[in-house]
Amino acid sequence: MGRRKQGGGTGGEAGVLLETAVRGVVTASEEGLDLALDTGASLLAASAGQWPAVSRAVLGYADTAVGRCWSAGWRPADLVRVVRRELKPVHLALAVDLIAAENRRYPAAAADRRWQEQLRELEADTWWKSDEDYLPAFAHRHRLDRFALATALLELLRGWGRLPPIAPVGPAPGRAPRAESRPRGPVADEPRMLSRIRALLAKAESTDFPEEAEALTAKAQQLMAQHSIDEALLAVDGADPHAPGALRIGVDNPYESPKTMLLDAVAAANRCRVVWAKEFGFCTVIGFDADLDGVELLYTSLLVQATHAMQQAGARQHLDGASRTKAFRQSFLVAYAARIRERLAEATERTTSDAAAGRHLREDGTAEQLVPDERLLPALKARTEAVDQQVDRMFPKLVSQRVRVSDGEGWAAGRAAADRASLRGRSGEIRR
């Protein structure tokens, strides 16, 4: 594991060269960028003897460059997503390493659970032996000369250095993370209801029989809704102090508009809201913690199902014999999202009505009749209002967007596929 020497950082001659090169590239116009990159990379890569010192300075500078992004509301998965969209694999590898280097500043407990999950999913580890060894080892691993690596580094730092502030979805490391109710993965102290939901989803994922999968996942969806209802009542009792939170989920081309519609359908059914940042390729989902976890799982599963169904339908031809077009696929996904919205809304309404009448789902999936709790509907309304207020605070200026449909066959095929979709979560890693 790479360790930073005492007194390390961006000091010394190498540090001055690095700061000069980065400043020149970040402030360069598009017309002057190539010259700024060549000049800066030449400064950094000029001497093999100086290269280890430049390496140490680069990892010290990560504290500044990456830390600035955290202060501006960005999170590890966000920075990597921007790099993946705009740059190349070598920049992506550099990005993960700089994030790992900056993360050495904090104890593990300094970051909230979603931050830690993102670092694990990115495999952000300090794999190099020492800070002086980092750039030489990276160049060897990726078969780059000093100039090419210095150029890639400066391109990455320019991209990060020009990112605007965005609405934060949680504290940066070391800044008093708000109390969180549970980790997402199965752990010993996880509520039995969530353990039961995970077991149902795992069985639904593994079965080869569609009917069994639908039955299992429908039950899991009911239990998720019941869990949300239980948490609302806990909040009434004052046992759950949590305010609405937020997370970001990546939504990329192609067909990013209907994908966002699908995410919004899942979020609405789970009493969450979605705000789309098209230019950065992500959506912010605002809601209470347990509901946010459900949105991630269900959206990921439905997107996989929708993509598979669209590819199957798109492989066939139109009724007139012509090949399926982009308009067909766009219309397919819009219709799929619209029909899923209807199905999920119906499921949520049924579960809420049952709960209001006193019918309560146990952890094992069986039901019990209790005395109806007159606080339930006002509690759910209060949580919906709290989410709306949080959206207003985070995003005071919102604009709605329409999605156009121009292919009737695609619309019909998309609704049919949505009717066949299993409302289940997908186990495994969730890509943000």
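**Rings, charges and covered strands**

Me: What puts the charged end of Arg-248 over the ring of Phe-282?
Reply: In this predicted model, the charged end lies 5.3 Å from the ring centre. The distance limit is 6 Å, and the charge must also be within 35 degrees of the ring normal. Arg-248 is reported as sitting over Phe-282, so it satisfies the criterion.

Me: What is the distance for Arg-383 and Phe-288?
Reply: The charged end of Arg-383 is 3.7 Å from the centre of the Phe-288 ring. The cut-off is 6 Å. Arg-383 also sits over its ring.

Me: How many aromatic pairs does a search of the whole structure find?
Reply: Nine. One of them is Trp-70 with Trp-115, whose ring centres are 4.7 Å apart and whose planes meet at 75 degrees.

Me: Why is the pair of Trp-70 and Trp-115 called edge-to-face?
Reply: The centres must lie within 6.5 Å, and the planes must be over 60 degrees apart. Here the values are 4.7 Å and 75 degrees, so the pair is edge-to-face.

Me: What makes this pair a tie between separate parts of the chain?
Reply: Trp-70 belongs to helix α3 (residues 51–71) and Trp-115 to helix α6 (residues 113–122). The pair therefore ties together parts 45 residues apart in sequence.

Me: Are Trp-70 and Trp-115 buried or exposed, and what decides it?
Reply: Buried means under 20% relative accessible area. Trp-70 has 5%, so it is buried. Trp-115 has 2%, so it is buried too.

Me: Why is the pair of Trp-127 and Tyr-134 called tilted?
Reply: Under 30 degrees would be stacked and over 60 edge-to-face. The planes of Trp-127 and Tyr-134 are at 55 degrees, with centres 5.8 Å apart, so the pair is tilted.

Me: How do the two residues stand on accessibility?
Reply: Trp-127 has 27% relative accessible area, so it is partly exposed. Tyr-134 has 0%, so it is buried. Both belong to one aromatic cluster with Trp-128 and Phe-138.

Me: Why does Val-90 count as buried?
Reply: Its relative accessibility is 19%. The limit is under 20%. So Val-90 counts as buried. It is found in helix α5 (residues 89–103).

Me: What does Val-90 touch beyond four places away in sequence?
Reply: Phe-138, Leu-144 and Ala-152. Contact means heavy atoms within 4.5 Å. Leu-156 is 66 residues from Val-90 in sequence and 9.7 Å away, C-alpha to C-alpha.

Me: How do you know that strand β3 pairs with β1 and β2?
Reply: Pairing needs at least two bridges. Strand β1 (residues 245–250) has six bridges to β3, antiparallel. Strand β2 (residues 273–277) has five to β3, also antiparallel.

Me: Which residues stand opposite each other?
Reply: In β1, Gly-245 faces Gly-287 of β3, and Ala-246 has Ile-286 as its bridge partner. From β2, Arg-273 stands opposite Ile-286.

Me: What is the phi of Gly-281 in the hairpin of β2 and β3?
Reply: It is positive, near 75 degrees. Four residues lie between the strands.

Me: What makes β1 largely enclosed?
Reply: Six of its six residues are buried, so the rest of the structure largely encloses it. Gly-245, Leu-247 and Ile-249 cover one side, and Ala-246, Arg-248 and Gly-250 the other.

Me: Why is β3 called mostly covered?
Reply: Six of its six residues (282–287) are buried. Phe-282, Thr-284 and Ile-286 point one way, and Cys-283, Val-285 and Gly-287 the other.

Definitions and conventions
Residues are numbered from 1 along each chain as its sequence is written. This is a predicted model: local features need pLDDT of at least 70, side-chain atom pairs count only at pLDDT 80 or more; totals for chains, interfaces and linings use all residues. Side-chain values use heavy atoms; hydrogens and water are left out. Rings of Phe, Tyr and Trp (its six-membered ring) pair if their centres lie within 6.5 Å; planes under 30 degrees apart count as stacked, over 60 as edge-to-face and the rest as tilted. Helices (H or I, at least four residues) and strands (E, at least two) are DSSP runs, numbered from the N terminus. Buried means under 20% relative accessible area, exposed over 50%, partly exposed in between (1.4 Å probe, protein chains only).
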